[in-house]
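Q: Pick one part of this model that rewards a close look and walk me through it slowly. After that, carry on to whatever else stands out.

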Amino acid sequence: MKLLSVVHFFVATTAVQAQSLLNATARYPQLSNFTELLSTFPDLAAGLLTNISTGPSRQTILVPSNDAFDSYQRQRGASVSSLSSSDVGNILNYHTLQGALSSSDIQQPNGLVSETALRNSTYARRENATDAGDSLPQVVYISSTETATGRKIKARQISALSSVDVRSGQGNEIELEQTPGNWSGGVFFVVNGFLTLPVNQTDTMTSANLTSFARGLVRTDVADGTNAAKGLTCVCPNNQAFEAISNGNGNLTDGPGSLLATLTRHGLTGSYYSTNFTDGDMIQSQNGYPILVTRRNGSIFLNDARLVGSNYIANSGSVHALDRIMGFLNTTTNETTPANASIYSDTANIPTPPPTPLVATSSSGVIPTSNATGNQVVPSATETGDSGPAASETGAADSGSTDGTSAASSSRGLLTGAVVVGTAFMIGILAL
């Protein structure tokens, strides 16, 4: 009897693993719209319709439920199946994650950034992966949080028992069921909505209500250059903090006290997500100012500014929200001079960036590690210690000859994206 049980288990397991995604999802009535979509666009979904043998290129598919299809039609006034073949292809690619993620993968304490199959340059401009100009795939941010009714998992943003959420373009979130289904090419998770395809930096800022920073880019004539950049992260002070120094600032582009210099000081070259901000990292802004990353009491600080919104996925990278304008770090004492209205009242008080380019003290991205299921994931940064950035009214960054504006003014936009100093960003196939 025991031998027969083992044989039965083996046959049943083999049958499950031999299923195409179409056959696997057809077992669930609440996924009938998705299976119909695959059948409507067989050329786009060829690999999902057939039995793919298991191997290193396994995938995780986020499968929208029928409710997700209904919601999409109510919001857009058109069904998903009415879209063009290219639009449906981009949507399916964005719902295809690299690696077969497990339930434990999607519940990492500090979240997970996962690379997708979306490479269309309209939506994925994170950086060039090779000299041949191949673009890196777009990503989603997955977070797990405790709610009043259980654990909830989202794809993008952190919510409040536990759920899992997935955050996509413009910071939009959908919820993900935590138990995966199996198909021959990997696994699938049911989601209650469609991921939003990423847009440019300024539209992402507007969606995140970081409108003052976006207006500043327009006022200094660098919005187009910012949106044209590849591999860019903007850490934007919230509206109240930014307006405190920008509204009365008639100096748009001249010197380190200018509005342009302040904007560029909040631009980072490369795609930084919250999972990449590691305690103790020293990174630099696009115009050369040093930034110390500190994790304290569950929060992330960049110098003295705390992240109050994170992982708004843009087509060229990401956008984060800060509770204030970043202060000026003295790398000798690690003290920060607050960037308040008084220091901007006399530009002579504003430090210039160090004359020597900063060498990163540790990787701001992380080389991925393979887990037991063979997928590549970005480990969450570990919180260490309770110490945070020290604020000082007198501490100043090392002075130098750089005026803090050349990084952006020459291209009339925040510095074009490039490989982050001393780092290799990778997730799944991830190269962040």
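A: First, some vocabulary: helices and strands here are DSSP runs, with helices being H or I over at least four residues and strands being E over at least two, and both are numbered from the N terminus. Keep in mind that this is a predicted model, in which local features need pLDDT of at least 70 and side-chain atom pairs count only at pLDDT 80 or more, while totals for chains, interfaces and linings use all residues. Residues are numbered from 1 along each chain as its sequence is written, and side-chain values use heavy atoms, with hydrogens and water left out.

Let's zoom in on α5. Helix α5 covers residues 66–76, and its axis comes within 7 Å of the axis of α3 (residues 32–40), crossing at roughly 75°. That makes the two helices, α3 and α5, roughly perpendicular. The axes are lines fitted to C-alpha atoms, for helices over the stretch in contact, and angles run from 0 to 180 degrees between N-to-C directions. Under 35 degrees counts as roughly parallel, over 145 as roughly antiparallel, 65 to 115 as roughly perpendicular, and the rest as oblique.

Who touches whom at that crossing? On the α3 side you'll find Ser32, Asn33, Phe34 and Leu37, meeting Asn66, Phe69 and Asp70 from α5; contact means heavy atoms within 4.5 Å. The residues of this α3–α5 contact split into three nonpolar, three polar and one charged. For that tally, Ala, Val, Leu, Ile, Met, Phe, Trp, Tyr, Cys and Pro go down as nonpolar, Asp, Glu, Lys and Arg as charged, and the others, Gly among them, as polar.

Now for the inside of α5: its buried residues are Asn66, Ala68, Phe69, Ser71 and Tyr72. Buried means under 20% relative accessible area, exposed means over 50%, and partly exposed is in between (1.4 Å probe, protein chains only). Those buried α5 residues pack against α3, β1 (59–64), α6 (85–94) and β9 (186–191). Past the helix comes Gly77, with a positive phi near 75°.

Phe69 also takes us into the aromatic side of things. Rings of Phe, Tyr and Trp (its six-membered ring) pair if their centres lie within 6.5 Å, with planes under 30 degrees apart called stacked, over 60 edge-to-face, and the rest tilted. By this rule there are six aromatic pairs. In one of them, Tyr28 and Phe188 have ring centres 6.0 Å apart and planes at 80°, so they are edge-to-face. Tyr28 is partly exposed at 29% relative accessibility, whereas Phe188 is buried at 3%. Another pair comes straight off our helix: Phe69 and Phe194 sit with ring centres 4.9 Å apart and planes at 80°, so this one is edge-to-face too. Both partners are buried, Phe69 with a relative accessible area of 9% and Phe194 with 12%. Ring pairs also bring in Tyr72, linking Phe69, Tyr72 and Phe194 into a cluster.

Some rings have a charge for company. A charge sits over a ring if NZ of Lys or CZ of Arg is within 6 Å of the ring centre and within 35 degrees of the ring normal. Arg296 lies over the face of Phe301, at 4.2 Å from the ring centre, and the charged end of Arg265 sits over the ring of Tyr289, 5.7 Å from its centre.

Back to backbone angles, and a couple of non-glycines with positive phi. Asp221, with phi near 65°, lies in the loop between α8 (211–219) and α9 (223–228). Asp221 is exposed, at 51% relative accessible area. Asn303, with phi of about 55°, belongs to the loop between β14 (299–302) and β15 (305–314). Asn303 is buried, at 2%.

Last, a stop at strand β4 (residues 139–146), home to Tyr141. Tyr141 is buried, at 2% relative accessible area, and its C-alpha is 5.8 Å from that of Leu112, though 29 residues separate them along the chain. Ser144 is in β4 as well and is buried at 8%. Its C-alpha lies 7.0 Å from that of Ile106, which is 38 residues apart from Ser144 in sequence.
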